[in-house]
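Work through these exercises with the model open beside you. Try each task before you read its solution.

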Amino acid sequence: MRPFEGIDVLDLTQSIAGPLATQFLGTLGANVVKVEPPGGDAFRGLLDGAMFASVNLGGKRSVCLDLTTDEGRAAAHELAATADVVVQSFRPGTVEKFGLDYDSVTESNPEVVYCSLTGFGEDGPCREWPAYDPVVQAMSGLMSTIGYPDRPPVRIGASVIDYGTGTTAAMLVAAALHERERTGRGEFIDVNLFEVAVSWMGYWIAHYTGTGEVPQPSGQGFAGLAPNEVFDAARGEPFYLSVVNNRLFGRLCTAIGREDLVTDERFVENADRWENREALRDELRAEFETYDRDELTALLAEAGVPTGPLQTVDELVEDDEHVAARGMLTDTRNLRTDAPVKTANAPFKTASGRPDLGDRPPRRGEHTREVLAELGYSAEQIDRMLEAGGAAA
């Protein structure tokens, strides 16, 4: 499925959220030209290059342009003038300095789909604040719900807000392209990390505004629900068990031969199980420790109880049979370490299979000559621009 073949995307993004959005578009057929400063995307070196290697696939082409120079801006303007989609992730007010804001681009390209992907949006008192994923986890209230009641809050150990925002941006661009087919009109999209994170807090916001109760961290589990946490099987092998209603509790008890727990007055309803969670935990621990983890999780899953092993990254990559069977990892290359690595594949399949992300991200400025030549620049002009900006060819 390559619905975006023939769609030209100008990628003016760095970090994770913007590059992920354009990677999705490229994976689905779009021609993505990634404009980088002469020194390259600032995230090329983070985590020894692993971050860049994971969100700049999909056949992107890298062009190095110095937007502080007249020639660099002129080339970027030409790319914007012919693009179907422009995605930018500068802080508000920055693209105006380069003449690459929505109003400027639409003067020559009125049908463009323009996506501004920022930390806090195009307006509001925080619009100019810099933002990275953990800052937004903190400000959105998300971090306040994570961890244990007697310890400081903790951040989620992956850039989940970046990934969520990038996915949201790609969906919105796809919707705008579809709308343009119907109406002939372009679109401006304002999407940002903070609003995505706040939207993820929707049910906690509803709970607070309905009850006045402020959500508190509940460790491994979920406040008000038990058993809903990490348990250990034999040899201390951890797994997660999520029981959220009486039906699932009955399935759990039947599967492990403890039907007596269903009628135990301490555990009859969710509220009872939560109030007596320590006693319930002790009952279950004694049973679970008699099972091998793989045996137990398979038994419970077959009984319809949500459960799964608590895996480390090495277990996920090396041992998870479902990951292997579904082809959920793909081979790529970490350009910073010049080493073959694996990363997550496109997280979906279609009737024709899983789309190809390509075998590596682009080298810094790898396609500068190629793309500028397509715009009609002479070899002499390109040489002069590369020399002035110190960019890769």
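## Exercise 1: A salt bridge across the chain

E283 is partly exposed, since its relative accessibility is 25%. The model is a predicted one.

**Task.** Which residue does the side chain of E283 meet in a salt bridge, and which parts does the pair tie together?

**Solution.**
- Step 1. Find the partner. E283 and R258 form a salt bridge through their side chains, at 3.1 Å from N to O.
- Step 2. Place both residues. E283 sits in helix α13 (residues 277–288), while R258 sits in the loop between α10 (246–255) and α11 (260–263).
- Step 3. Draw the conclusion. The two parts are 25 residues apart in sequence, so the pair ties them together.
- Step 4. Check the partner's accessibility. R258 has 15% relative accessibility and counts as buried, because buried means under 20%.
- Step 5. Look for a network. Salt bridges with shared partners join R258, D260, D264, R266, E283 and E287.

## Exercise 2: A salt bridge inside one helix

**Task.** Find how far apart E278 and R281 are in helix α13, and say which of the two is buried.

**Solution.**
- Step 1. Confirm the bridge. The side chains of E278 and R281 meet at 2.6 Å, N to O.
- Step 2. Count along the helix. The two residues are three apart in α13, which is about one helical turn.
- Step 3. Recall the rule. An α-helix has 3.6 residues a turn, so residues three or four places apart point the same way.
- Step 4. Assign accessibility. R281 is buried, with a relative accessible area of 12%. E278 is partly exposed, with 48%.

## Exercise 3: A salt bridge between strands

**Task.** Which strands hold K342 and D331? Is K342 buried or exposed?

**Solution.**
- Step 1. Confirm the pair. K342 and D331 form a salt bridge, and their closest N and O atoms are 2.7 Å apart.
- Step 2. Locate them. K342 is in strand β11 and D331 in strand β10, so the bridge ties together parts that are 11 residues apart in sequence.
- Step 3. Read the accessibility. K342 has 51% and counts as exposed, because the cut-off for exposed is over 50%.
- Step 4. Set this in context. The whole structure has 28 salt bridges.

## Exercise 4: Helix α1

**Task.** How many residues of helix α1 are buried?

**Solution.**
- Step 1. Count. Helix α1 covers residues 17–27, and 11 of its 11 residues are buried.
- Step 2. Interpret. The helix is therefore largely enclosed by the rest of the structure.
- Step 3. Check some names. The buried residues include P19, L20, F24 and L25.
- Step 4. Look just past the helix. G29 follows α1 and takes a positive phi of about 110°.
- Step 5. Compare with the chain. Of its 393 residues, 43% count as buried.

## Exercise 5: The nonpolar core

**Task.** Which residues have the most contacts inside the largest nonpolar core, and which element gives the most to this core?

**Solution.**
- Step 1. Recall the trend. In soluble globular proteins, nonpolar side chains tend to be buried together.
- Step 2. Find the centre of contacts. The largest core has 34 residues, and V9, V85 and V173 have the most contacts inside it.
- Step 3. List the elements. Two or more residues come from each of α1, β4 (85–88), β5, α7, β6 (187–192) and α8 (193–200).
- Step 4. Pick the main contributor. Helix α7 gives the most, with six residues.
- Step 5. Follow one residue. Among the residues that V9 touches are T22, L25, V33 and V85.

## Exercise 6: Two pockets

**Task.** What are the volumes of the largest and second largest pockets, and which residues lie nearest their centres?

**Solution.**
- Step 1. Start with the largest pocket. Its volume is about 1,000 Å³. It has 35 lining residues, and A50, S54, Y163, T343 and A344 are the closest to its centre.
- Step 2. Find the main supplier. Helix α2 gives the largest share of this lining, five residues.
- Step 3. Sort the lining. It divides into 21 nonpolar, 10 polar and four charged residues.
- Step 4. Turn to the second largest pocket. Its volume is about 640 Å³. Of its 33 lining residues, Q14, S15, S89, F90 and R91 lie nearest its centre.
- Step 5. Sort again. This lining has 19 nonpolar, eight polar and six charged residues.
- Step 6. Link back to α1. Helix α1 supplies at least two lining residues to the largest pocket, and at least two to the second largest.

Notes:
Residues numbered from 1 in each chain as written. Predicted model: local features only at pLDDT ≥ 70, side-chain atom pairs only at ≥ 80, totals over all residues. Heavy atoms only, no water. Buried < 20%, exposed > 50% of the residue type's maximum accessible area, 1.4 Å probe, protein only. Helix = DSSP H or I, 4+ residues; strand = E, 2+ residues; numbered from the N terminus. 1 Å grid on protein atoms, 1.4 Å probe; cavity = no way out; pocket = protein on both sides within 12 Å on 5 of 7 lines; lining within 4 Å. Points joined across faces, edges and corners; volume = space filled by probe spheres on them. Nonpolar A, V, L, I, M, F, W, Y, C, P; charged D, E, K, R; others polar. Core = buried A, V, L, I, M, F, W, Y, C linked by side-chain atoms within 4.5 Å. Contact = heavy atoms within 4.5 Å. Salt bridge = Lys/Arg side-chain N within 4 Å of Asp/Glu carboxyl O.
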